[in-house]
Amino acid sequence: MSVLLSVLVGVLAAYILIYYSLFKGARFNSNVTLKGKTAIVTGSNTGIGKATALDLAKRGARVFLACRNKEKAEAAVYDIRKESGNPEVLYMHLDLASLKSVRNFAETFLKSEPRLDLLINSAGLIASGRTEDGFGMAFGVNYLEHSRVINVADVLHRLGSVDFILLNTHKHAEGCAYCHSKLCNVLFTRELANRLEGTSVTCYCLHPGAIATEIDRNMGVLQKLLLLPMSKLFFLDPEGGAQTTLYCALQEGLEPLSGWYFSSCALQNVSAHGRDDALAKKLWEVSERLCGLS
């Protein structure tokens, strides 16, 4: 019995140590109000995006849920309005797997809204296949087809690379494609900050932490089963995963850090690839060509 007890105590101690050292995220505490401000949150019908939209709505912002699935988005609008007491939570269709949809969304928003204060690119997936425009699904949705601009990246950008020859050949495995797309998020944010220098618009990217969301919805059954124990034991809930997004969106005094990368509500270093200004500039130029903007 004493041996069993010792083993249980050891396992519990190891769990606590691993959880608090690797997975436990910081909390963003602020009384900032957003009355009169307008925000767009992509991927906001579930997970981190929905938790982010809810927090912004509670602060009084006019919040647009930019989502592909109308039924799920309208259900999220209902939930957020009910919990926040804010009637200015709206759905606007956006399919990030279609450049046509992205352009239509932008045109509709600009025609109907006089201002935009926060753009939070929270949508993301791990999936194979192609977008409507023929891009790899992870590259197209997570990066290519996407005030303060907040880009939700991932610590896995450290495992990513940018191979311009293979960029749009769909030859990457799902996990690799995800890592590559998240490095693109980091590089995009860096180059966007350079291009916005001298304006009043700033941008940031972040790692939200390991979160129990629906990002695994396109994974195979075996992959989901392997991930399930880790998810139940260690991963944060969507509210916890939204904290660094909210920090980057609302924390005062971040303006000098435009283009930088954050995690656990604090500034963090990026990989060597993520600090490569020449690579960031080339990716921007290639992305413009792929989107038909140059």
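# A walk across an eight-strand sheet

Ala 39 stands opposite Leu 118 in E4. That pair is a good place to start. The model is a predicted one. The protein chain has 294 residues, and 46% of them count as buried. The chain contains 10 helices and 8 strands. About 15,000 Å² of the chain is exposed, with carbon and sulfur atoms supplying 57% of that area.

Now take the sheet as a whole. Its 8 strands follow the order E3-E2-E1-E4-E5-E6-E7-E8. The sheet is open, and its pairing is mixed. Strand E3 (89-93) and strand E8 (266-268) stand at the edges. Each has a single partner strand, so one side of each is left without a neighbour in the sheet. From one strand to the next, the twist averages 25 degrees. What holds such strands side by side? Strands of a sheet pair through backbone hydrogen bonds, and the pairing is either parallel or antiparallel.

Next, follow one run of strands, beginning at E1. E1 pairs with strand E4 (residues 118-121) in the parallel sense, over 3 bridges. Here Leu 118 of E4 has Ala 39 opposite it. E4 is then joined to E5 by 4 bridges, and these two strands also run parallel. Leu 118 appears again at this step: its bridge partner in E5 is Arg 148. Further along, Asn 121 stands opposite Asn 151 in E5.

One more step leads from E5 to strand E6 (residues 202-207). The two run parallel, joined by 5 bridges. In E6, Thr 202 is the bridge partner of Arg 148. Ile 150 stands opposite Tyr 204 in E6. Arg 148 therefore links two steps of this walk, with Leu 118 as one partner and Thr 202 as another.

Is E5 mostly covered or mostly open? E5 is mostly covered, with 5 of its 5 residues buried. Both faces are covered. On one side lie Arg 148, Ile 150 and Val 152. On the other side lie Val 149 and Asn 151. All of these residues are buried.

Go back to E1 for a closer look at a single residue. Thr 42 is found in strand E1, which spans residues 38-42. Is Thr 42 buried or exposed? Thr 42 has a relative accessibility of 3%, so it counts as buried, since the limit for that class is under 20%. The side chain of Thr 42 reaches the backbone nitrogen of Ser 122 at 2.9 Å. Ala 53 lies 11 residues from Thr 42 along the chain. The C-alpha atoms of these two residues are separated by 9.3 Å.

A second buried residue sits in a helix. Ser 181 is found in helix H6. Its relative accessible area is 1%, so Ser 181 is buried. Which backbone atom does the side chain of Ser 181 reach? The side chain reaches the backbone oxygen of Tyr 178, at 2.7 Å.

Between E5 and that helix, the picture changes. Leu 159 has its place in the loop between strand E5 (148-152) and helix H6 (174-196). With a relative accessible area of 61%, Leu 159 is exposed, because that class begins over 50%. Leu 159 also belongs to a nonpolar surface patch of about 250 Å². Val 155 and Leu 156 make the patch together with Leu 159.

The last stop is the loop between strand E7 (261-263) and E8. Ser 264 has its place in this loop. Cys 265 is found there too. What sets their backbones apart? Most residues other than glycine have a negative phi. Ser 264 has a positive phi of about 50 degrees, although it is not a glycine. Cys 265 is not a glycine either, and its phi is positive at about 60 degrees.

How exposed are these two loop residues? Ser 264 is at 35% relative accessibility, so it counts as partly exposed. Cys 265 has a relative accessible area of 13%, so it is buried. Beyond this loop comes the edge of the sheet, where E8 has a single partner strand.

How values were computed:
Residues are numbered from 1 along each chain as its sequence is written. This is a predicted model: local features need pLDDT of at least 70, side-chain atom pairs count only at pLDDT 80 or more; totals for chains, interfaces and linings use all residues. Side-chain values use heavy atoms; hydrogens and water are left out. Buried means under 20% relative accessible area, exposed over 50%, partly exposed in between (1.4 Å probe, protein chains only). A polar contact is a pair of N or O atoms within 3.5 Å; within protein, one must be able to donate a hydrogen and the other to accept it, and residues adjacent in sequence count only if both atoms are side-chain atoms. Patches are made of residues with over 30% relative accessible area and no salt bridge: like charges are joined within 9 Å, nonpolar side chains (Val, Leu, Ile, Met, Phe, Trp, Tyr) within 5 Å. Accessible areas come from the Shrake-Rupley method with a 1.4 Å probe; for residues, only the protein chains shown count as cover. A salt bridge is a side-chain nitrogen of Lys or Arg within 4 Å of a carboxyl oxygen of Asp or Glu. Two strands pair if DSSP finds at least two bridges between them. Axes are lines fitted to C-alpha atoms, for helices over the stretch in contact, and angles run from 0 to 180 degrees between N-to-C directions.
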